[in-house]
Amino acid sequence: MNSKIRGAGVIAATLVLAVVAAGSWFALRGLTGASCSGEVPLALAAAPEIAPAIQAAADEWMSTGAAVDGTCVKVVVEASDSVDVAAAVAGKHGASLSGVGQASGTATTPDVWVPDSSTWLVRLTSGGAAAFDPGNGASVARSPVVVAMPEPVATGLGWPEETPSWSDLLQGITKGTKLRAGIVDPTRDAAGLSALLALTSAAAQSAGGNVQSATTGALRALATGRSALREDLVAKFPRSSDASTVAQALSMAPLSEEDVIAYNAKKPPIPLAALYLTPEPVALDYPYAVLPGLDPVKNSAAKGLFDRLGTDAFKDRLAVQGLRAADGSWGGGFSAPQGAPSPSAGAPQPMASDGPDKGGVDPKVLEQVVTGWSITTQSGRMLAVIDVSGSMNQQVPEANGATRAEVTAAAARRGLALFDDSWALGLWIFSTKLDGNRDYRELVGIGPLSAQRSELERALPQVRPKDGSRTGLYDTVLAAYKEVQNGWEPGRVNSIVLFTDGQNEDDPGGLTRAKLLSELERLKDDERPIQLVFIGIGADVNEGELKSIVKSSGGTGGVFITQDPTDIGDILLRAISMRGTPGS
């Protein structure tokens, strides 16, 4: 994402911030000296708005003889959008990030990464980067997330004397017509994600008994004004003080405090007001993440640079860029927006990765919001295929005795509620000899939701296990693949999502595994990819078997296995939110 408009000038209880053993991270060895020789290269990628301040600190350190054991340290700072580095790290560590996609062929991972938010670190860990364990991770700067409004619009809401609540704004964008809301795609922008977490929380609290409906309404309202790039979003704010122009332009958008400072520094016709809402959304916290695999010498060099980012001089450099210090205070020259809170220097400030009990983010909630957004804002064509073999009649104690089939149908109903009418969906069931000699039966053919949403809802109660039947997986997969391929549509994610609690069982006259794989290899078309996703339930699923099928079908999609059927609702949302991710 291009962030040139910036600084002119969750949680992870599972995210362990490594303290590397003696002799590396905290064990410094002669970091500075009057003279040095040779070179220790340290590559650092930083969010564009903070990169100039880090570069200046690095230059000053190097000019005074930065060294490790007499070897000179050379720091190279590259301004890199956080989403681009996240994509590269995800590719290296086998993680899946909804909405991010693949890194460019030239993207590389640095030695040290300073993204704009530690939510990136949380998403990488939650997304499957098991070996990803960034050292240190301490914050080096801060920028609160605010709601930016043209000053006349904010004044009309009572600002600066009064500030609306998140519930007020939610009501305004979902029920009213006066507020034109915008947002940078939250799957690719940390400020947008922070605000989305706050808004969906407000929706859940005000929803009464229908939390999903309220949350989906909030997502769709914001999705109508989304932008892929921040510079495109801010270009929608009014460029004239004419009342008609103000009324028709963008009237609110979540941005960072630094974004507002940078925008107003250009003296626009109508300045932006920064509204600091409560509860405060998770701030951008700029973690200093030392990526895994560095040798001890580079680790020492990284620690030496980090020490330079906690000084008063660095705080002043941050202020020039419109950023606060890590504790929320600011240095000389900071142009605080009207109403900006000014915490005492040294006051502890929570990070996104501190966990929900300390002001951070719950990783599970974060993933639910990201996947919900991805589903709401993409258009797809999907065939859902549900196992109704006899074993799906097994009761699930955690679901008050509902069967596996009933839990699966409930998850499908939950997913259906998120899809807008631009989607096309179909529903099959399968076991063995379900429709004559066929192992599968079509309940609803793939078609536009605008015409058959009610038909799909009526069909879901028909997902009932067939006593004594077995799992005719191979024939069903091939038939489903051909069905989706025959009606393949450009501009959409064409996909199959298949639920099963077993593996292919003896099926007289049915396909063998070798025949299925060879047929999929023959049929696959890189120009018309089909995303094949398996959701496996229980211990009888053969994960290796399913992965080989995904690979032969073209390699997009994936395999998700859970021992607890009550988890499949969240797994379904995550699976649907994938867009062409290589099979895992």
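Me: Lys267, is it buried or exposed?
Reply: This is a predicted model. In it Lys267 is exposed, with a relative accessible area of 72%.

Me: Where does Lys267 lie?
Reply: Lys267 is in the loop between H10 and S10.

Me: And what is its phi?
Reply: Lys267 has a positive phi of about 55°, although it is not a glycine. Most residues other than glycine have a negative phi.

Me: Which other residue has a positive phi although it is not a glycine?
Reply: Tyr286 has one, about 45°. Tyr286 sits in the loop between S10 and S11.

Me: Tyr286, buried or exposed?
Reply: Tyr286 counts as buried, at 0% relative accessibility. The cut-off for buried is under 20%.

Me: Back to H10. What does it pack on?
Reply: Some context on the sheet. Strands S9, S6 and S10 form an open sheet of three, in the order S9-S6-S10, with antiparallel pairing. Strand S9 (253–256) and strand S10 (272–275) are at the edges with a single partner strand each, so each has one side without a neighbour in the sheet. From one strand to the next, the twist averages 45°.
Reply: As for the helix, S6 (residues 145–150) and S10 run antiparallel and are joined by four bridges. Helix H10 (residues 257–265) packs on this sheet and touches S6, S9 and S10, with its direction at about 90° to that of S9.

Me: How many of the residues in H10 are buried?
Reply: Seven of its nine residues are buried, which leaves H10 mostly covered. Among them are Glu257, Glu258 and Asp259, as well as Tyr263.

Me: What do the buried residues of H10 pack against?
Reply: They pack against S6, S9 and S10, and also against helix H8 (230–234).

Me: Which residue in S10 is the bridge partner of Ala148?
Reply: Ala274 is the bridge partner of Ala148.

Me: Which other helix lies across S6 and S9?
Reply: Helix H6 (residues 190–205) does, running at about 125° to S9.

Me: New topic. How many disulfides does the structure hold?
Reply: It holds one. The disulfide joins Cys36 to Cys72, with an S to S distance of 1.9 Å. Cys36 lies in the segment before strand S1 (37–46) and Cys72 in strand S3 (residues 71–79), so the pair ties together parts that are 36 residues apart in sequence.

Me: Why is the disulfide right-handed?
Reply: Because the torsion about the S-S bond of Cys36 and Cys72 is about 105°.

Me: Cys72, buried or exposed?
Reply: Cys72 is buried, with a relative accessible area of 18%. Cys36 counts as partly exposed, at 29% relative accessibility.

Me: How many bridges join S1 to S3?
Reply: Eight bridges join S1 to S3, and the two strands run parallel. Ala45 stands opposite Glu78 in S3.

Me: In which sense do S1 and S4 pair, parallel or antiparallel?
Reply: S1 and strand S4 (residues 112–114) pair in the parallel sense, over three bridges. Leu44 has Val112 in S4 as its bridge partner.

Me: What about the cores? How many residues has the largest nonpolar core?
Reply: The largest nonpolar core has 94 residues, and Ile50, Trp113 and Tyr288 are those with the most contacts inside it. Helix H6 gives the most to this core, ten residues. Another core, of 40 residues, lies apart from it, and includes Met382, Ile386, Val396 and Leu443.

Me: Now the prolines. Which residue does a cis peptide bond join to Pro160?
Reply: Trp159 is joined to Pro160 by a cis peptide bond, with omega about 5°. Pro160 is in the loop between helix H4 (151–156) and helix H5 (166–174). Another cis peptide bond joins Thr278 and Pro279, with omega about -5°. Pro279 is found in the loop between S10 and strand S11 (287–290).

Me: Last one. At what angle do H17 and H18 pack?
Reply: Helix H17 (residues 513–523) and helix H18 (residues 543–552) pack at about 25°, with their axes 8 Å apart. That makes H17 roughly parallel to H18.

Me: Which residues in H17 meet H18?
Reply: Arg513, Leu516, Leu517, Leu520 and Glu521 do. On the H18 side, the residues met are Gly544, Glu545, Ser548, Ile549 and Ser552.

How values were computed:
Residues numbered from 1 in each chain as written. Predicted model: local features only at pLDDT ≥ 70, side-chain atom pairs only at ≥ 80, totals over all residues. Heavy atoms only, no water. Pairing = 2+ DSSP bridges. Axes fitted to C-alpha atoms, helices over the stretch in contact; angles between N-to-C directions. Contact = heavy atoms within 4.5 Å. Buried < 20%, exposed > 50% of the residue type's maximum accessible area, 1.4 Å probe, protein only. Disulfide = S-S within 2.5 Å. Core = buried A, V, L, I, M, F, W, Y, C linked by side-chain atoms within 4.5 Å. Parallel < 35°, antiparallel > 145°, perpendicular 65-115°, else oblique.
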